[in-house]
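User: Please take a close look at the helices of this model: how they pack on one another, and which of their faces are buried. Add any backbone details in the stretches between them that deserve checking.

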Amino acid sequence: MYVDVHCHLSFPEFDEDREAVIRQMISDDISLLVDPGIDLETSRKSIALAAAHPMIHANVGLHPHATSQPLPETVFDELAELASSPKVVAIGETGLDYHYPDCDRARQQEAFRAMLEISEKLDLPVVIHCREAWEDLLAILEEEKHSSQRGVMHCFSGDGAIARRCIRLGFMLSIPGTVTYKRSLLPDVIREVPIEHLLTETDSPYLSPVPFRGKRNNPSNVRLVTEAIAEIKKNGLKETANRIAENASAMFRLERF
């Protein structure tokens, strides 16, 4: 029983064969898929996809790249309203991304704080994207910390010290297909972090694991991520998959699926 807690199955890359991909997921024992929005339009698509399939759930989010253009004045009210939909299990993806030199850091931070506020008001976990912005992101989480703060560090890319800080703040680390890459630092983090703090994702259609690197990623490839974690942890595959499924169930407050 495998879980893909971050997969953009509602993106156009799957328009031609989405239903076939879902059938393959079921055949491959993927019991949970979470489809995250990155703005208003994609959040609506995520919710519609989740409504049509029992094993799929949605996130409502505003990606930091979405802040590069002026936002509608009502965007956060609209996102909060969407987040009340029954199949929405988290706020995200949201966060900070400083990779591009012309990014507006202040605007990203303002939007991130607004999304954290929605997360707190609705008592939902927050799914965080962080790229080259760890110190600012963790500082904001410390400033905005509240008693029910929890969430997922999507596509975790930090080192062991950052991992420990994230866990202390109530976050699980979501491991993508990059764990299979030759130069990945994730194996060292996985050895250090107890398995109860780990989740699995594909970030499809991106970041295909070896041996599919360079091709469109698919949710069924989450098995390869789970296998990599099991090998690093020196645990059985079934034990590893079931433990990670339990983690996802706890994080998103879902009955066992």
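Analyst: The answer below goes through the helix pairs, then the buried faces, and then some loop and backbone details.

This is a predicted model, in which local features need pLDDT of at least 70 and side-chain atom pairs count only at pLDDT 80 or more, while totals for chains, interfaces and linings use all residues. Residues are numbered from 1 along each chain as its sequence is written, and side-chain values use heavy atoms, with hydrogens and water left out. Helices (H or I, at least four residues) and strands (E, at least two) are DSSP runs numbered from the N terminus.

Helix α3 covers residues 75-82, and helix α4 covers residues 105-122. The axes of α3 and α4 are 11 Å apart, at an angle of about 35°. Here axes are lines fitted to C-alpha atoms, for helices over the stretch in contact, and angles between N-to-C directions run from 0 to 180 degrees. The crossing of α3 past α4 is right-handed; that term applies if the near helix is turned clockwise from the far one by less than a right angle, and left-handed applies if anticlockwise. From α3, the residues F76, L79 and A80 make the contact, and from α4 the residues A111, A114, M115, I118 and L122 do. Contact means heavy atoms within 4.5 Å. By class, this interface holds eight nonpolar residues, with no polar and no charged ones. Nonpolar stands for Ala, Val, Leu, Ile, Met, Phe, Trp, Tyr, Cys and Pro, charged for Asp, Glu, Lys and Arg, and polar for the others, Gly among them.

Helix α4 also packs against helix α5 (residues 134-143), at an angle of about 40° and with the axes 11 Å apart. The two helices are therefore oblique to each other; angles under 35 degrees count as roughly parallel, over 145 as roughly antiparallel, 65 to 115 as roughly perpendicular, and the rest as oblique. The crossing of α4 past α5 is right-handed. On the α4 side the contact is formed by Q109, F112, R113 and L116, and on the α5 side by D136, L137, I140, L141 and E143. In this contact five residues are nonpolar, one is polar and three are charged.

A further pair is helix α8 (residues 222-233) with helix α9 (residues 237-252), whose axes come within 9 Å and cross at roughly 110°. These two are therefore roughly perpendicular to each other, and α8 passes α9 in a right-handed crossing. In α8, R223, T226, E227, I229 and A230 meet L237, T240, A241 and I244 of α9. The classes here are five nonpolar, two polar and two charged.

Now the buried faces. In α3, V75, L79 and L82 are buried, while D77 and E81 are exposed on the other side of the helix. Buried means under 20% relative accessible area, exposed over 50%, and partly exposed in between, with a 1.4 Å probe and protein chains only. Seen down the axis of α3, the buried residues fall within an arc of 60°, so they line one face. The arc is that of the directions from the helix axis to the C-beta atoms. An α-helix has 3.6 residues a turn, so residues three or four places apart point the same way. Among the elements covering the buried residues of α3 are α2 (40-52), β3 (56-60), β4 (88-97) and α4.

In helix α6 (residues 160-168), the buried residues are G160, I162, A163, C166 and I167. Their arc around the axis is only 155°, which puts them on the same side of α6. Their cover includes α5, β6 (151-153), β7 (171-175) and α7 (186-192).

Two residues with positive phi lie in loops beside these helices. D123, in the loop between α4 and β5 (126-131), has phi near 55° without being a glycine. At 32% relative accessibility, D123 is partly exposed. C155, in the loop between β6 and α6, has a positive phi of about 50° and is not a glycine either. At 18% relative accessibility, C155 is buried.

Cis peptide bonds also call for a check. The bond from V210 to P211 is cis, with omega near 15°, and P211 sits in the loop between β8 (198-200) and α8. Another cis bond joins G92 and E93, with omega about 20°; E93 belongs to strand β4.
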